[in-house]
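Me: I'm new to this structure and would like a close look at one part of it. Could you walk me through its pockets and the residues around them?

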Amino acid sequence: MNEERAVSVLISGRGSNLKSLHENRLGYRVKAVLSNRPDAGGLKYAESQGIPTKVLQREHYPNLAAFKAAVLAAAAETEPDLVALAGFMMVLQPEFIEHFYGRLINIHPSLLPQFPGLETHERAVAAKVRHHGCSVHFVDSGVDTGPIIAQSSLELNRADTAHDAAARVLALEHALYPWVLSHLALGGITLSGRTVQYSPEVEREATQRGFLIFPS
Ligand code: GRF
């Protein structure tokens, strides 16, 4: 039997990556969406698709530790096989990362290890880098430092503003993220320690699609 993996997606905002993950699902289904913001646009989309949602707000908890513990409990309650961060603007507690290590991925709008953290497009344009793009990586306890699974890149035009770069990179994100998640779900991408391993099929497809992967 070809069972689909259950994925919980954590968001804070508009949810365009959530939409792309859901629309392009293969080997997985989006089982639940969690948000730390009640006004996250992605929540409406999830509801329109019949995906269960849950909102956790910092102000409903006595302190940050209690809030973060609640986020972990809520994610664990959805019993996901995989957890995908998609614009989730919150630093996760170490317990969360330990609990889901190897099953927890994030999409970041830069070619890591360049430009971890925020305002990646502004920094890429200011640095006048030639190549810019996005990365999907396993999450570890650092800020965007986990093992990189795959990247998609483009050449910045001289005239590109940070706004242009964001729009161009977002289109790459929407293709890369579901591709990675599908192969994780189907077992073609695995993590051993901090080493990402790829099946021959994944290596072939990455070449065809112009994605960068990092076989050892
Ligand atoms: C994306 O650029 C993603 O790479 C970053 O946050 C943004 C989220 O956008 N982590 P959306 O909410 O998926 O539209």
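Reply: Here is a tour of the pockets, followed by a few backbone details.

Please keep in mind that this is a predicted model. Let's begin with the largest pocket, which holds about 1,100 Å³ of space. It is lined by 38 residues, and those closest to its centre are G87, F88, M89, P109 and L118. Four elements each give two or more residues to this lining: α1 (16-23), β5 (104-108), α5 (120-126) and α6 (162-186). Of these, α6 gives the most, with six residues. Sorted by class, the lining of the largest pocket has 17 nonpolar, 15 polar and six charged residues.

Two of those elements, β5 and α5, are joined by a loop that is worth a look. P113 sits in this loop, and a cis peptide bond, with omega of about 10 degrees, links P113 to L112. The loop between β5 and α5 also holds F115. F115 is not a glycine, yet its phi is positive, at about 50 degrees. With a relative accessible area of 13%, F115 is buried.

Now for the second largest pocket, with about 180 Å³ of space. Its lining is made of V125, K128, V129, R130, L156, N157, R158 and D160. By class, that is three nonpolar, one polar and four charged residues. K128 belongs to the loop between α5 and β6 (131-138). K128 also has a positive phi, about 55 degrees, without being a glycine. This residue is exposed, its relative accessible area being 71%.

Notes:
Residues numbered from 1 in each chain as written. Predicted model: local features only at pLDDT ≥ 70, side-chain atom pairs only at ≥ 80, totals over all residues. Heavy atoms only, no water. 1 Å grid on protein atoms, 1.4 Å probe; cavity = no way out; pocket = protein on both sides within 12 Å on 5 of 7 lines; lining within 4 Å. Points joined across faces, edges and corners; volume = space filled by probe spheres on them. Nonpolar A, V, L, I, M, F, W, Y, C, P; charged D, E, K, R; others polar. Buried < 20%, exposed > 50% of the residue type's maximum accessible area, 1.4 Å probe, protein only.
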